[in-house]
Amino acid sequence: MNRVVHPIEQESFRRLRARLDTSHFPPLTRAVVERVIHSAADPEYATDLVMAEDDLVKAHAALHAGAPVVVDVEMVAAGITRRETVCRLKDATSGPGLTRSAHAVRLAYEEVGPGALWVIGCAPTALEELLTLDASPALVIGLPVGFVGAAESKAALRASGLPAVSNVSEKGGSAVAAAALNALLYHPVSSEETP
């Protein structure tokens, strides 16, 4: 089903492309970069984001084949359109050495198992916990924001070798994480893609 794009969104992307040439990016990478920049009105994401087109192609196929989408907080879930998500933060509790966000990741993994797309835009500890699990994710969108642990957790994600979208700086957040997932949701499904 094709998505109807509002004229304001069309004009916003036209202005974005007038200010920043994104034509050199491969298709899915370009979609993610542009949607993240659009969500934050921050062109610096073009050089801050880190991802591999091959990972995005596989994740796009998994997403459109119905793989579950897990989010760390309801704010990320609220930003993801056209797809149900799993968020277990309300059921989670903190304890010694375990944040609520980390516990929520454990609960979500127990629910969805391997092969999910994980979208983390708030809590570095959620991303850190995911990296301790044998989650075999289709993709991890790891874009938590903050001055404590955010950049470090994203560096650990990149070092893990998991298929991922991350960024180098401390910036991020729920809106940009949701935007990255929406870029994959909105991108057309091509018969040439292979899982």
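Reader: Which helix is His60 found in?

Author: Keep in mind that we're looking at a predicted model. His60 is found in helix H4, which covers residues 53-64.

Reader: And is His60 buried or exposed?

Author: For that, you look at relative accessible area, where anything under 20% counts as buried. His60 comes out at 0%, so it is buried.

Reader: Which backbone oxygen lies 3.0 Å from a polar atom of the His60 side chain?

Author: That oxygen belongs to His187.

Reader: Let's move to the sheet. In what order do the strands run?

Author: When reading a sheet, start with strand order, then look for the edges. Here the order is E1-E5-E4-E3-E2, an open sheet of 5 strands with mixed pairing. The edges are E1 (49-51) and E2 (69-71), each of which pairs on one side only. On average, neighbouring strands are turned by 15° against each other, ignoring direction.

Reader: How many bridges link E1 and E5?

Author: There are 3, and the two strands pair in the antiparallel sense, with E5 spanning residues 164-167. As one example, Leu49 has Asn167 in E5 as its bridge partner.

Reader: Which helices pack on or lie across these strands?

Author: For each helix, check which strands are touched, then the angle. Helix H7 (residues 124-132) packs on the sheet, where it touches E3 (117-120) and E4 (139-142), and its direction makes about 150° with that of E3. Helix H8 (residues 150-160) lies across E1, E4 and E5, and runs at about 145° to E5.

Reader: Which residues of H7 are buried?

Author: Pro124, Ala126, Leu127, Glu129 and Leu130. Those buried residues pack against helix H6 (100-112), E3, E4 and H8.

Reader: What about the nonpolar cores? Which residues of the largest one touch the most other members?

Author: The general idea first: in soluble globular proteins, nonpolar side chains tend to be buried together. In this model, the largest nonpolar core has 43 residues, and Val32, Ile80, Val119, Ile141 and Leu181 touch the most other members. Helix H9 (residues 174-186) supplies the largest share of this core, with 9 residues.

Reader: Take Ile80. What is it in contact with, leaving aside neighbours within four places in sequence?

Author: Ile80 is then in contact with Val69, Val71, Thr85, Val119, Ala178, Leu181, Asn182 and Leu185. Apart from the core that holds Ile80 lies another one, of 16 residues, including Ala108, Ala116, Ile120 and Ala126. You've met Ala126 already, as one of the buried residues of H7.

Key: Residues are numbered from 1 along each chain as its sequence is written. This is a predicted model: local features need pLDDT of at least 70, side-chain atom pairs count only at pLDDT 80 or more; totals for chains, interfaces and linings use all residues. Side-chain values use heavy atoms; hydrogens and water are left out. Helices (H or I, at least four residues) and strands (E, at least two) are DSSP runs, numbered from the N terminus. Buried means under 20% relative accessible area, exposed over 50%, partly exposed in between (1.4 Å probe, protein chains only). A polar contact is a pair of N or O atoms within 3.5 Å; within protein, one must be able to donate a hydrogen and the other to accept it, and residues adjacent in sequence count only if both atoms are side-chain atoms. Two strands pair if DSSP finds at least two bridges between them. Axes are lines fitted to C-alpha atoms, for helices over the stretch in contact, and angles run from 0 to 180 degrees between N-to-C directions. Contact means heavy atoms within 4.5 Å. A nonpolar core is a set of buried Ala, Val, Leu, Ile, Met, Phe, Trp, Tyr and Cys residues joined through side-chain atoms within 4.5 Å.
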